[in-house]
Amino acid sequence: MPNGVGAFFFEVCDSTNARAATLAIAGEPGPLWVVAGEQSAGRGRRGRSWTSKTGNLYASLMFRPHIRPQDLAALPFIVALAVRDTFLAFGAPESHVQCKWPNDILIGERKASGVLIESSAKHGGMLDYVIIGIGMNLVHFPDDAAFGATSLLHVTGQEVSVKDAATVLAEKLYARIDAWKVDDFRSVAEEWTRYSWGLGQSRELRTHDETFTATLLGLSDDGALIARLDDGLEKRLYAGDVFPVERAD
Ligand code: BTN
C-alpha cells in the first residue's frame, strides 16, 4: 500500500464497503483499504448483490476528502480508469479494455469489474467520508449476470493473486486521485471517453422505471450520460445501466 495508507484484510466479511463504513463511523481517519478474500453479502449498484467467491478481488478504499458531494462528479470515471490501468498492468490487451458508463470495466465487451461508490456528508454539507468499493474478476465470473461477464484469467490465461492485484490497484488509484483536480471534470471525461464502450452508438438504457434505446453522446459536467432518443430529444441519465441493443433475428 502507498505510504500512510492503512489496510485491513479479512478472509471473509459481509461487504468490504460495509466494513469500511463501520470503520469510518467509528472515527478511523483513513485513508484505509479493506480487502476481503470472500464476501457473504457483497453489494452491487442499485441494490443488487455482487457474487463474491474466493479468488477475485473485493476491496474498498475509505478516505475523507475536504470537498462537497457535488465535487465527486469525476470520481466514478477516475476509478474506472484506475481499474483499467490495473487490468492493463496484468496483460489485458489495451484495445479490449473499455469503460462502460457509469464505472464498469469491460474486457472484450464483457464485464470484468464493477465499482460501488458510497459517501456520507457532515452537517454543513462537506463530505465526511467516501468509500470506493471495487470488485475485479481475476479468476472467475458469474455466468448468469444480466450483462455478460469475464475474468482476467479467461482473457489472458494468467492467474493473478488478490495480493498482487490489490497492490497494483492501490498504486494506480492513488496516482489518479493525487492528480485529480476537482474543478477540472473535462480532462477526466475526455480520457474516459477515449476508452468508452458505446459512445456514438445505439444502446439500450435501463433505469429504475424505464427501458429505452438511444444513441450515447457523452458525459455532462456532472457525470450524467447524455443520450439522444430516436425523436431527437436529449436525455441525461444519472443512474442506470447500459446494454447492447437486443436485435430480433
Ligand atoms: C456493480 O457493478 O454493481 C458494483 C459492484 C461493486 C462490488 C464491490 S466488491 C468490493 C466492494 N464491496 C461490496 O460490497 N461491493 C463492492
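**Exercise 1.** How many residues surround the ligand, and which are the closest?

*Solution.* In this predicted model, 20 residues surround the ligand, and the closest are Ser15, Gln39, Arg43, Arg45 and Lys111. Sorted by kind, the residues of this shell divide into six nonpolar, 10 polar and four charged.

**Exercise 2.** Find polar atoms of the protein that pair with nitrogen or oxygen atoms of the ligand, and then state how much of the ligand the protein covers.

*Solution.* Begin with the nitrogen atoms of the ligand: one lies 3.0 Å from a polar side-chain atom of Thr16, and an N or O atom in the side chain of Gln39 is likewise 3.0 Å from a ligand nitrogen. Turn next to Arg45, where a backbone N or O atom lies 2.7 Å from an oxygen atom of the ligand. Of the 420 Å² of accessible area that the ligand has on its own, the protein covers 99%.

**Exercise 3.** Which elements give two or more residues to the shell around the ligand?

*Solution.* The space that the ligand takes is the largest pocket. The elements in question are helix H1 (16-25) and the strands S3 (57-63), S6 (110-121) and S7 (127-136). Strand S6 supplies the largest share of the shell, with four residues.

**Exercise 4.** Is Asn56 buried or exposed, and which backbone nitrogens does the side chain of Asn56 reach?

*Solution.* Locate Asn56 in the loop between strand S2 (32-39) and S3. Its relative accessible area is 2%, and because buried means under 20%, Asn56 is buried. The side chain of Asn56 reaches the backbone nitrogen of Leu138 at 2.9 Å, while a polar atom of this side chain also lies 2.9 Å from the backbone nitrogen of Val139.

How values were computed:
Residues are numbered from 1 along each chain as its sequence is written. This is a predicted model: local features need pLDDT of at least 70, side-chain atom pairs count only at pLDDT 80 or more; totals for chains, interfaces and linings use all residues. Side-chain values use heavy atoms; hydrogens and water are left out. A residue is near a molecule or strand if one of its heavy atoms lies within 4 Å of it. A polar contact is a pair of N or O atoms within 3.5 Å; within protein, one must be able to donate a hydrogen and the other to accept it, and residues adjacent in sequence count only if both atoms are side-chain atoms. Accessible areas come from the Shrake-Rupley method with a 1.4 Å probe; for residues, only the protein chains shown count as cover. On a 1 Å grid over the protein atoms alone, a cavity is a set of points where a 1.4 Å probe fits but cannot get out, and a pocket is an open set with protein on both sides within 12 Å along at least five of seven lines; lining residues have an atom within 4 Å of a point. A molecule sits in a cavity or pocket if more than half of its atoms lie within 2 Å of its grid points. Ala, Val, Leu, Ile, Met, Phe, Trp, Tyr, Cys and Pro count as nonpolar, Asp, Glu, Lys and Arg as charged, and the others, Gly among them, as polar. Buried means under 20% relative accessible area, exposed over 50%, partly exposed in between (1.4 Å probe, protein chains only).
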